[in-house]
Each structure stands twice: as C-alpha cells, then as structure tokens.
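I set out to record, entry by entry, what I looked up in this structure. The entries follow the order in which I worked.

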Amino acid sequence: MATFDYCLKKTGEVGYAEQVFGNIVYATGLPNVTNGEIVVFENDDIGQTLSVSEYVEILVLSSHRVPPGIRVTRTGEQFKIPVGDFLLGMKISPISMGPLVETVKTLHQSESRLVDAEPLSLANREVVKEPFDTGVSAVDLIIPLGHGQRELVLGDRKTGKTRFLFQTVISQTRKGTICIYAAIGKKRGDIKDLREVMAKNNALRNMVLVYSLASDPPGLSFLTPYVAMTIAEYFRDRNKKVLVVLDDLTTHAKYWREISLLARRFPGRNSYPGDIFYIHSKLLERAGNFKRGSITCFPVAETVLGDISGYIQTNLMSMTDGHIFFDSDLYDHGRRPAINPLLSVTRVGLQTHSPLLRDLARVLTSFLVYVERMSRYVHFGSELGDEAKANLDLGDRVITYLEQPQDLVIPINMNVLMLAGLWAGIWRGVEKTEMRKQIREYAKMYTDNHDFAAKVDQVVISQKSFKDLVESLKRDASIFEVVTGNTGQTSGQV
Amino acid sequence: MDILSKINTTDEIDSLVTAIDKLKTGLFTNKHYMTTAPEVIKEAYDGAVDKDAFLNDIRKELVEAKTLTMSVAAELPGQSVARIANWVKSNVGTDVVLELKIDSSLLAGTTITFNGKFKDYSFKEELTKALDKLTL
C-alpha cells in the first residue's frame with residue numbers, strides 16, 4: 001500500500017467509495033479534487049476523476065473490482081506520461097507509462113507530458129505542402145496524401161485496412177518518419193502479428209506501439225489514442241515527421257459509450273453521449289502540419305455492410321481531410337488492396353504534388369470512370385469497336401497494376417514511370433503474372449540500385465505532364481530493358 | 001428536534017437507527033414498541049402529530065450526520081471516549097459525531113479524518129520520519 005500511503009501523506013485528503021457501478025465509482029470526501037485528476041484507491045488501483053459534484057465520479061483504470069467502502073486519495077496530478085527517445089521500438093500500454101510509475105521517469109530522466117493536451121494554435125501551423133507516400137499505388141497515384149494530413153481509413157471488417165496501414169508504416173519508417181501505432185481494444189494475437197511484421201521489415205526502430213487489449217478496462221482503452229498522440233507531439237517538437245495510426249476509432253467510441261452510460265450520461269443518437277464528436281475532434285485537431293515537424297494521422301473506422309452514413313463514420317469524415325474507402329465488393333472480387341478510388345477523397349493531398357502527378361491523378365481517375373461505364377455495356381453483350389476493346393484491355397491492365405501484394409512497397413517515382421510505361425504499351429501482350437513479377441523487380445531495383453533510381457527520378461522530373469512522359473517513353477523505353485530485355489510495343493491511348 | 005447534539009458516537013447512531021426502524025414497523029399495527037423506544041426521542045415522539053414523518057426526519061438526520069473518524073491503536077475506556085466526544089462537540093460542531101476505529105499498526109497516537117481531510121498524529125508516522133532522518 002506504499003503508493004496510497006504516499007499520496008495520502010502528500011495531499012492530506014481522503015474519500016470513501018460509496019457506490020460502485022462496474023468501472024465507475026462514486027466517492028464522498030476529497031474536497032479539493034479537480035476534474036481529470038488521478039486518484040489512488042487503498043488497494044493501489046488508479047482512477048481518473050470524470051466529474052465533481054455531489055459525489056466525486058471516478059473512472060477506474062485498473063481491471064480489479066473496487067469494493068465499496070474502500071478509501072481513495074488524490075495524487076494532485078493529471079494523467080501524464082513520460083516521453084523520450086527511449087520509447088522507440090517499445091510496446092506500451094497506457095497504464096504501464098501512466099501516473100505513479102516513477103521507475104520509468106527516473107530511469108530515463110525524461111520529461112512528462114499531459115495526455116489530454118490542447119492542440120497548437122493556428123500561428124504554429126502551416127499549409128500541407130510535402131507529399132506523403134504510402135507505397136501503395138492506388139493511393140499514391142489517385143488519392144495522394146500530404147504530411148500533416150488527417151485521412152480516414154474506412155471499410156468493413158476484413159477488407160485489408162490493417163494490411164494497408166502496415167504497408168504505409170513500413171514505407172514511412174524507411175524514410176525516417178516516426179510511426180506511432182495505437183491499437184485500441186485488439187486481441188493479443190493481432191498485437192503479436194503487428195510486431196512480427198514490423199520486426200521482419202526492420203520498422204521497429206522508428207516505431208512505437210501503444211496498445212490496449214479487448215480484456216482491458218474500458219478506461220484504459222479510452223486513453224490509448226490520447227497517449228499515442230502525446231507521444232507523437234513529443235517527436236513533432238523535435239522537428240520530426242510523425243505518422244499516427246488510430247486503429248480503430250469506432251471501437252474507441254463504443255468504449256466511451258459504455259463509460260458514459262454507466263456514468264448515467266443522457267444517451268443521444270445510437271446511445272452515444274452528446275460529446276462523442278468532441279472526444280474525437282479534440283484528438284484529431286492535435287495532428288497537422290506545423291512550423292516545426294508534422295503529425296500525419298490515419299484514424300480507422302469500421303463500417304457495417306459498407307454503410308458509410310453511420311454516426312461515428314460521418315463524424316470522422318467531417319473532421320478529417322479525406323477518406324480512403326475499402327470496398328467489400330472489390331475485396332470479394334479478389335482486388336487487393338480493395339480501395340475504391342472513386343469513393344475515396346483527398347482534400348489537401350493534390351496541392352503537395354508536382355504538376356505531373358496531378359495530371360496523372362486526373363487522367364487515371366477519369367480513365368477508371370470511363371472503364372467502369374464501358375464495363376456495364378459489356379454485360380449487355382453489345383458489340384464493341386476496336387478502340388473500345390483496346391481501352392478495356394488497358395483498363396484491365398491498369399486494375400491489375402493497382403492490385404498490389406501486401407508485402408510490396410513501391411516508391412512514388414517508380415510508380416509514375418511504370419504507369420506511364422503501361423500507358424505507352426510496354427506490357428502489351430504480356431501475361432498478367434509476368435507483369436506482376438516485373439513490377440516487383442522494378443520496385444526492388446529502385447530500392448537497391450541507386451544508379452537506376454537516379455535515372456528513374458531524372459526521367460520523371462524532366463517531364464511536365466503525364467502525356468509528355470508517355471510520349472517520351474513511346475520514343476525511348478530503354479530504361480525498362482534492365483528487367484524485360486525489351487521495350488514492348490506502343491499501346492492504343494484513350 | 002436537535003438530536004445530534006445528544007449523540008456522541010456512530011455506535012449510538014447505529015443503535016438509534018435500528019430502534020427507529022423497529023418503531024416504524026409498529027406504527028400502523030396493534031403492536032407498540034414505545035416501551036423500548038430510546039429515551040432521547042420519547043418525549044418528542046409523543047408530541048409529534050405525524051409520527052411517521054417525524055421518524056423519517058430523525059432517521060435521515062442521523063444517517064447524514066457529519067462524522068469525524070479517529071483511528072487509535074487500542075480500545076479506549078468509556079470515559080475517554082466521552083471526553084473526546086465532548087471536545088469534538090465543543091470545538092468542531094454540535095452536529096458532528098465521533099467514529100472510533102482500531103488500527104494496531106499505529107502503535108500509539110491517532111489519525112483523524114474529517115470532511116475529506118486526513119491528518120496523521122500516530123507514533124508510527126513519527127517513527128517513520130525519525131528513521132528517514134537517520135537514513136539521510
């Protein structure tokens with residue numbers, strides 16, 4: 001009972017737990033306790049004050065059951081965590097870094113930061129201007145993102161959202177971006193999988209995993225994304241680029257609903273409390289592009305049967321700078337990743353791209369819309385002209401190109417060149433399996449061979465528009481000979 | 001009725017509450033428990049027009065009484081308890097009641113809890129401070 005006794009002596013205030021409802025305790029006493037303050041029970045369990053009125057309403061952050069009549073004392077502190085470079089490579093739970101854990105602070109002589117912090121003001125922010133590469137073609141080419149953007153990842157369960165996030169984290173850690181992954185209410189097996197994938201791809205050295213299990217108390221799961229954001233702010237203030245993944249906020253909303261209903265808050269729509277929007281908006285507002293450093297945020301939202309008009313989903317869509325939609329229909333048809341580019345949005349990503357990439361995104365998006373419309377006519381068994389058939393074939397190859405294995409990360413310039421090459425016809429008449437193999441080889445060569453990478457960059461930078469790049473490759477596609485040994489034939493262009 | 005000024009400890013409150021509950025059960029029946037009613041409320045009870053409301057008010061007042069909790073190392077004799085209770089009534093408030101707990105780990109002295117505030121005047125605390133000084 002050393003912790004309780006220490007705090008009791010320090011603050012000189014005590015209360016008694018009068019009523020216990022699950023993880024909510026109503027206590028009397030503690031005359032000077034403040035909202036959000038950490039309190040300690042006699043059995044050394046930790047709680048956080050939710051409100052102070054007739055009773056002190058406490059959210060218990062431990063999994064033990066608090067018996068009625070137990071004494072409780074103040075700590076005099078809000079929820080703070082120690083932050084520092086020592087966090088890189090660690091897997092942490094909010095309570096293991098939380099208050100009263102003096103060992104960590106003393107060991108690393110680190111600073112402590114409030115978990116519930118105010119976002120930086122407008123004066124400290126800048127426009128999103130640097131491109132953010134996920135390594136996934138479908139996103140980098142059609143739904144481009146920027147450093148400091150908040151992009152919602154939306155889709156049904158088991159549609160490949162988490163795998164996409166893994167690819168993004170791997171791609172970014174290779175570039176030196178610090179990645180904070182918040183796994184909220186996940187299974188132990190999922191956490192283990194994540195660590196294994198990151199370790200295999202050498203991503204752990206630039207990564208922090210903040211997790212809470214499904215078996216943890218709801219208070220702990222509720223605090224997880226805030227802890228992740230606090231750690232992100234530490235690295236941002238060191239002028240680093242940071243990526244925060246919040247997986248997933250619909251589960252987080254459900255935990256807050258459970259806590260609010262137990263705390264007798266009046267239920268609103270779908271029984272969520274009235275402040276559910278604020279709970280997420282105050283978190284996402286802490287991300288952005290700043291004068292020193294940036295925090296790019298990928299909140300994840302799960303949909304049911306593809307319904308993106310749900311309460312939490314629409315809330316998150318309104319507070320983010322776009323969304324990437326994972327379509328279960330596309331997933332069922334074998335598309336990986338199952339990203340529907342026509343239902344996905346990026347609000348600030350295009351401004352970060354060069355004119356060539358913007359042109360490419362425009363051409364590709366309009367082409368995909370055209371292909372989708374044409375495909376409907378094919379279902380009616382109508383006769384098609386040669387040009388339409390050529391375009392449908394190109395569309396089929398483009399879709400094959402956008403299907404990317406989970407372990408493959410393609411740098412942006414290589415992506416642009418390969419797509420332009422596809423348009424120029426380098427893979428005309430080539431089997432799809434061979435095409436996929438060559439894509440993988442090109443991506444590997446770009447990463448491993450600096451001379452080849454420099455040549456690719458030079459070719460891409462030298463062109464102002466996508467059309468110019470395609471025309472130049474039609475004239476001279478020798479850069480592709482390193483893998484294919486030939487330059488293929490020119491294609492019929494839309 | 002200022003019942004709390006006549007009550008010293010929480011033990012007395014508990015027995016009074018039990019007696020009041022027993023009186024309430026006999027109110028609207030042929031059984032009368034007046035002969036066993038505590039003296040402290042007998043006179044006021046006889047004069048009360050609405051006996052049920054009177055008992056409810058008294059009970060509420062007793063249950064919600066402010067308590068000053070003292071933890072001591074060993075059981076105190078009755079006279080000492082009465083002296084402490086009188087001191088509390090004179091210096092803290094006539095509506096404050098004393099609750100005594102036994103905690104042998106204190107060794108001697110007392111700890112006091114009142115209105116959410118805690119003060120430690122035990123011998124255990126003094127020994128701990130002395131040991132800390134020695135260690136330093």
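**Notebook: cavities, pocket, sheets and backbone**

I began with the largest cavity and found that H4(A) gives the largest share of its lining, three residues. The elements I name are DSSP runs numbered from the N terminus, helices (H or I) of at least four residues and strands (E) of at least two.

I note that this is a predicted model, in which local features need pLDDT of at least 70 and side-chain atom pairs count only at pLDDT 80 or more, while totals for chains, interfaces and linings use all residues. Residues are numbered from 1 along each chain as its sequence is written, chains are lettered from A and ligands numbered from 1 in the order in which they are written, and side-chain values use heavy atoms, with hydrogens and water left out.

**Cavities**

I looked up how many cavities of 30 Å³ or more the structure holds, and there are two. On a 1 Å grid over the protein atoms alone, a cavity is a set of points where a 1.4 Å probe fits but cannot get out; a pocket is an open set with protein on both sides within 12 Å along at least five of seven lines; lining residues have an atom within 4 Å of a point. Grid points are joined across faces, edges and corners, and a volume is the space filled by probe spheres set on the points.

The largest cavity holds about 80 Å³ of space. I listed its lining residues, among them Thr159(A), Arg163(A), Phe164(A), Tyr331(A), Arg336(A), Pro337(A) and Gln404(A). By class I recorded five nonpolar, five polar and two charged residues. Here Ala, Val, Leu, Ile, Met, Phe, Trp, Tyr, Cys and Pro count as nonpolar, Asp, Glu, Lys and Arg as charged, and the others, Gly among them, as polar.

For the second largest cavity I noted a volume of about 50 Å³. Its lining consists of Ala138(A), Arg335(A), Pro337(A), Ile339(A), Pro341(A) and Leu402(A). Five of these residues are nonpolar, none is polar and one is charged.

**Cis bonds and positive phi**

I then checked Pro337(A), and the peptide bond that leads to it from Arg336(A) is cis, with omega near 0°. Pro337(A) sits in the loop between helix H10 (328-332) and strand E19 (345-346) of chain A. A second cis peptide bond joins Asp247(A) to Asp248(A), with omega about 0°. I placed Asp248(A) in the loop between strand E15 (241-247) and H7 of chain A.

Ser271(A), although not a glycine, has a positive phi of about 65°. I located Ser271(A) in the loop between H7 and helix H8 (276-284) of chain A. Most residues other than glycine have a negative phi, and most peptide bonds are trans.

**Largest pocket**

The largest pocket has a volume of about 790 Å³. Of its 28 lining residues, I found Lys158(A), Thr162(A), Lys186(A), Asp190(A) and Glu302(A) closest to the centre. E13(A) supplies the largest share of the lining, five residues. I counted the classes as eight nonpolar, seven polar and 13 charged residues.

**Barrel of chain A**

I traced six strands that close into a barrel in the order E1-E2-E5-E4-E3-E6 (chain A), with antiparallel pairing. Two strands pair if DSSP finds at least two bridges between them. Strand E2 (residues 24-29) and strand E5 (residues 56-60) of chain A run antiparallel and are joined by four bridges. Within this pair, Ile24(A) stands opposite Leu59(A).

**Sheet of chain B**

In chain B I found an open sheet of four strands in the order E2-E1-E3-E4, with mixed pairing. The edge strands are E2 (96-102) and E4 (117-122) of chain B, each pairing on one side only. Strand E1 (residues 66-72) of chain B pairs with E2(B) in the parallel sense over seven bridges, whereas five bridges join E1(B) to strand E3 (residues 109-114) of chain B in an antiparallel run.

I looked up the partners of Val72(B): this residue stands opposite Ile102(B) in E2(B) and opposite Thr110(B) in E3(B). E3(B) and E4(B) pair in the antiparallel sense over six bridges. Together E3(B) and E4(B) form a hairpin with two residues between them, and Asn115(B) in the turn has a positive phi of about 55°.
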